[in-house]
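Good morning. Please have the sequence and the structure open while I talk, and stop me if something is unclear.

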Amino acid sequence: MPFVLFLMLPVLGLLYCLWHIWCLLPWAVWLKVTAVVTLATCFLLIIPTLMRVPDRLPLSVGTWIYEIGTSSLMIMLYLVMTFLLLDVGRLVGIVPRTWLCHNGITALAITLLMTAVFVYGHLRYLHKQRVDIELTTANPLPKDEVRLVMVSDLHLGYHHDRQTLHRWVKLINSANPDVVLIAGDIIDNSVRPLLDEGMAEELRAIRVPVYAVFGNHEYFAGADRAERFYRQAGIRLLRDSSEVCGPLTIIGRDDRSNRHRQSLNKLLSGVDKQKYLVLLDHQPYALEQARRAGIDLQLSGHTHRGQMWPVSLVTDMIYEKSHGYLRKGNTSYYVSSGLGIWGGKFRIGTRSEYVVITLRRR
């Protein structure tokens with residue numbers, strides 16, 4: 001029942017928006033039909049996107065379907081909120097009924113408002129914010145400091161192409177890291193565009209060791225195909241395993257999508273705890289487990305912090321920490337809102353980021 005309700009909400013939102021647009025436009029009937037059908041088609045392109053239809057089409061066509069479908073879904077959310085606000089205003093007598101019927105001024109005002117909001121959201125998405133964190137350890141270090149760059153949720157695919165990845169790799173290399181850690185969802189919904197564009201070559205341009213774990217989207221794309229891509233890209237994939245990297249022991253938990261993934265305590269058996277313990281776990285649930293297990297630093301992603309307000313309010317309620325730094329006892333945590341994004345390239349009330357962690361001897 002909850003799943004059916006989840007599917008029905010976008011349909012009801014679409015019908016609500018289209019009805020309001022039909023009433024609002026002061027045009028001839030044939031023009032209104034054209035406008036409503038065009039908008040409905042854009043919104044409904046989300047269906048072939050979710051059904052993996054772009055995989056069976058030329059890459060450029062698949063990209064257009066993905067971009068239009070997912071962007072329209074986000075625009076529809078803000079149209080629903082706008083029309084709801086106007087309807088409430090009409091019911092309490094603040095908004096005249098004439099504002100919502102055959103009114104070109106209202107239609108123009110809403111169009112300009114949506115344009116301004118989503119241009120701002122796109123510019124906000126394009127700006128990748130560097131987050132600097134300084135941590136200390138009593139463990140010996142081979143030099144004065146060790147620098148880690150952490151990213152998550154790249155969502156490479158139909159909307160994040162090779163050119164975009166090239167810019168991100170330059171950002172990562174410019175931070176002069178000793179190691180790069182990726183907390184899942186490198187791939188979006190399909191490996192196909194990554195292979196077609198040769199994105200593995202871009203990832204191999206990262207000049208230091210790269211460790212990563214699976215996110216839930218690697219399972220959407222197919223775990224076997226995703227694992228082969230990781231190998232091509234020179235990424236050390238940790239699926240319920242750990243590796244020593246200099247003064248660090250990096251522990252990678254498989255994503256919660258794998259219901260048979262190992263417990264954290266089992267993963268830590270036999271691990272050298274004299275080193276600084278870094279845990280990569282894509283989804284930031286049950287944070288207390290890391291503290292009890294003696295982890296020094298847990299890095300997660302997944303939440304995107306909702307990508308857009310007011311969805312960010314929902315993620316803040318779901319997760320103990322949906323974004324940012326947290327400390328519990330001797331354990332530090334960072335939950336990233338992601339370098340990339342799912343769907344339309346908009347950030348409203350959230351940010352795209354990469355994290356530079358400097359570890360020094362205490």
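Which residue forms a salt bridge with Glu-145? Before I answer, one caution: what you are looking at is a predicted model. The residue is Arg-360, and the closest N and O atoms of the pair are 2.9 Å apart. The two belong to distant parts of the chain, since Glu-145 sits in strand S2 and Arg-360 in strand S12, 215 residues apart. Glu-145 is partly exposed, with a relative accessible area of 24%, and Arg-360 is partly exposed too, at 30%.

Let me stay with S2, which runs over residues 145-151. Is S2 largely enclosed or largely open? Five of its seven residues are buried, so the strand is largely enclosed by the rest of the structure.

Now its neighbours. Strand S12, residues 352-361, pairs with S2 in the antiparallel sense, over six bridges. Strand S3, residues 179-182, pairs with S2 in the parallel sense, over four bridges. Met-150 is a good residue to find on your screen, as it takes part in both pairings. Its bridge partner in S12 is Val-355, and in S3 it stands opposite Leu-181. As a general point, in a regular strand the side chains alternate between the two faces of the sheet.

Back to salt bridges. How many does a search of the whole structure find? The count is 21.

One of them joins the side chains of Lys-143 and Asp-178, with an N to O distance of 2.6 Å. Lys-143 lies in the loop between strand S1 and S2, and Asp-178 in the loop between helix H6 and S3, so this pair ties together parts that are 35 residues apart in sequence. Both ends can be checked for accessibility. Lys-143 is partly exposed, with a relative accessible area of 42%, while Asp-178 is partly exposed at 27%.

Another salt bridge is formed by Asp-196 and Arg-192, whose closest N and O atoms are 2.7 Å apart. Why are these two separated by about one helical turn? Because they are four residues apart in helix H7, which covers residues 192-196. Asp-196 is partly exposed, with a relative accessible area of 49%. Arg-192 has 16% relative accessibility, so it counts as buried, the limit being under 20%. Elsewhere, salt bridges that share partners join Glu-134, Glu-145, Arg-147 and Arg-360 into one network. That brings back the pair I opened with, Glu-145 and Arg-360.

Next, two helices, starting with H2, residues 29-44. At 1.5 Å a residue, its 16 residues should span 22 Å, and its end C-alpha atoms are 22 Å apart, which agrees. Which residues of H2 are buried? They are Lys-32, Ala-35, Val-36, Ala-40 and Phe-43. Seen down the helix axis, these buried residues fall within an arc of 125°, so they line one face of H2. Turn the model until you look along H2, and check that face for yourselves.

The other helix is H1, residues 2-24, where Leu-9 is found. Leu-9 belongs to a nonpolar patch on the surface, of about 460 Å². The patch is made by Met-8, Leu-9, Val-11, Leu-12 and Leu-15.

To recap: S2 is largely enclosed, it pairs with S12 and with S3, and its residue Glu-145 forms a salt bridge with Arg-360 in S12. That is all I have.

Key:
Residues are numbered from 1 along each chain as its sequence is written. This is a predicted model: local features need pLDDT of at least 70, side-chain atom pairs count only at pLDDT 80 or more; totals for chains, interfaces and linings use all residues. Side-chain values use heavy atoms; hydrogens and water are left out. Patches are made of residues with over 30% relative accessible area and no salt bridge: like charges are joined within 9 Å, nonpolar side chains (Val, Leu, Ile, Met, Phe, Trp, Tyr) within 5 Å. Accessible areas come from the Shrake-Rupley method with a 1.4 Å probe; for residues, only the protein chains shown count as cover. A salt bridge is a side-chain nitrogen of Lys or Arg within 4 Å of a carboxyl oxygen of Asp or Glu. The expected span of a helix is 1.5 Å times one less than its number of residues. Buried means under 20% relative accessible area, exposed over 50%, partly exposed in between (1.4 Å probe, protein chains only). The arc is that of the directions from the helix axis to the C-beta atoms. Two strands pair if DSSP finds at least two bridges between them.
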